[in-house]
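Here's a short set of exercises to work through with the structure open in your viewer. Try each task before you read its solution.

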Amino acid sequence: FLGVAPMLMYLADRREVDEIDGLGWWPKAATLDYFQKHHDGKLPPGIYRTLTPGAADAWFTALAEFGTMSFADVAEAAIRLAHDGFPMYRFLAAGVQASPQLYSAAATTKPVYLPHGHPPRKGEMFHQKDLAATLRELVSIEADHRKHGRAAALKAARDFVYKGELARRIVAYCQSEGGLMTLEDLGAYHVRRDPPARVDYRGYEVFCTGAWGQGPVFRQALKTVEGFDLRA
């Protein structure tokens, strides 16, 4: 929920494609000079690679701009799956099993991803009860502000993540681990909306992200293979 969420959406009523970057930014203190001085110019693994969360703002923005439902409606299934659990599927199981040290590095992460002292096996029930509790907090905040209208209720829930209690929890955790995130970093953050990049490929109009994502590489790849007879 606090990761990244690049979005391209086709708006059928407008016949347009809209882009929301859903990508966080670095803390202001994460300067080149800082890493030259303290880490020999390298970016260490762990907390220093933490961006401001982009996914939550991307989803709230998309819901407010283009949606009709409430956050409570769209989060209902996610809350149920997080609290009641779901059978671990092969792709996620393989990811945790391949890097158990990564998921056990933080004391708060280990109980989630290694609940029985080992990575979850395919078919075992997987729970994220803290995530369910956080999503329920957002639903409650939205409900408290619904009298002010749908947009205001969504904004109140969104602000809980970036300016409210959840923001304070995020910053406290990052700083307890030696990270550089501040409340100012979170409070100033907002997703960007830009026209998506596009390319013509054999008569198809293909849309992709801008230079903040992998869109330019994707366009290059399409134009490269366009010169070959793939059917043959």
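**Exercise 1. A salt bridge inside one helix**

Task: Find how far apart the closest N and O atoms are in the salt bridge between Glu165 and Arg169, and work out how the two residues sit along helix α9.

Solution:
- Step 1. Pick the two side chains: in this predicted model, the closest N and O atoms of Glu165 and Arg169 are 3.5 Å apart. The cut-off is 4 Å, so the pair counts as a salt bridge.
- Step 2. Now look at the backbone. Helix α9 covers residues 165-176, and the partners are four residues apart in it, which means about one helical turn separates them.
- Step 3. Check the exposure. Glu165 comes out at 33% relative accessibility, so it's partly exposed. Arg169 has a relative accessible area of 35% and is partly exposed too.

**Exercise 2. A network of charges**

Task: Which residues are joined into one network by salt bridges that share partners?

Solution:
- Step 1. The network holds Asp57, Lys155, Arg158 and Asp159.
- Step 2. Zoom in on one of its links: Asp57 and Arg158 form a salt bridge, with 2.8 Å between the closest N and O atoms.
- Step 3. Ask what this pair ties together. Asp57 belongs to helix α2 (residues 55-66) and Arg158 to helix α8 (residues 150-162), so the bridge links parts that are 101 residues apart in sequence.
- Step 4. Are these two buried or exposed? Asp57 is buried, at 1% relative accessible area, and Arg158 counts as buried at 7%.

**Exercise 3. Another bridge from helix α2**

Task: Work out which parts of the chain the salt bridge between Arg193 and Glu65 ties together.

Solution:
- Step 1. The closest N and O atoms of Arg193 and Glu65 are 3.7 Å apart.
- Step 2. Arg193 is in strand β5 (residues 193-194), while Glu65 is in helix α2, so parts 128 residues apart in sequence are tied together.
- Step 3. For exposure, Arg193 is partly exposed at 36% relative accessibility, and Glu65 is partly exposed at 47%.
- Step 4. Put the bridges in context: the structure holds 14 of them. The chain carries 28 positive and 27 negative side chains, and the centres of those two sets lie 3 Å apart.

**Exercise 4. Around Leu135**

Task: What is Leu135 in contact with, leaving aside neighbours within four places in sequence?

Solution:
- Step 1. Locate Leu135 in helix α7, which runs over residues 129-144.
- Step 2. With a relative accessible area of 6%, Leu135 is buried.
- Step 3. Its contacts beyond those neighbours are Phe1, Phe71, Ala78 and Ile79.
- Step 4. Try a C-alpha distance as well: Leu135 and Val74 are 61 residues apart along the chain, and their C-alpha atoms are separated by 11 Å.
- Step 5. Zoom out to the whole chain. Buried residues are 37% of its 232 residues. Of the contacts between residues at least 6 apart in sequence, 62% join residues at least 24 apart.

**Exercise 5. A nonpolar patch**

Task: Which residues make the nonpolar surface patch of about 280 Å²?

Solution:
- Step 1. The patch is made by Val225, Phe228 and Leu230.
- Step 2. Val225 is in helix α11 (residues 215-225) and is partly exposed, with a relative accessible area of 30%.
- Step 3. For scale, the chain exposes about 14100 Å², with carbon and sulfur atoms supplying 56% of that.

Definitions and conventions
Residues are numbered from 1 along each chain as its sequence is written. This is a predicted model: local features need pLDDT of at least 70, side-chain atom pairs count only at pLDDT 80 or more; totals for chains, interfaces and linings use all residues. Side-chain values use heavy atoms; hydrogens and water are left out. Patches are made of residues with over 30% relative accessible area and no salt bridge: like charges are joined within 9 Å, nonpolar side chains (Val, Leu, Ile, Met, Phe, Trp, Tyr) within 5 Å. Accessible areas come from the Shrake-Rupley method with a 1.4 Å probe; for residues, only the protein chains shown count as cover. A salt bridge is a side-chain nitrogen of Lys or Arg within 4 Å of a carboxyl oxygen of Asp or Glu. Buried means under 20% relative accessible area, exposed over 50%, partly exposed in between (1.4 Å probe, protein chains only). Contact means heavy atoms within 4.5 Å. Lys and Arg count as positive and Asp and Glu as negative; His and the chain ends are not counted. The place of a charge is taken as NZ of Lys, CZ of Arg, CG of Asp or CD of Glu.
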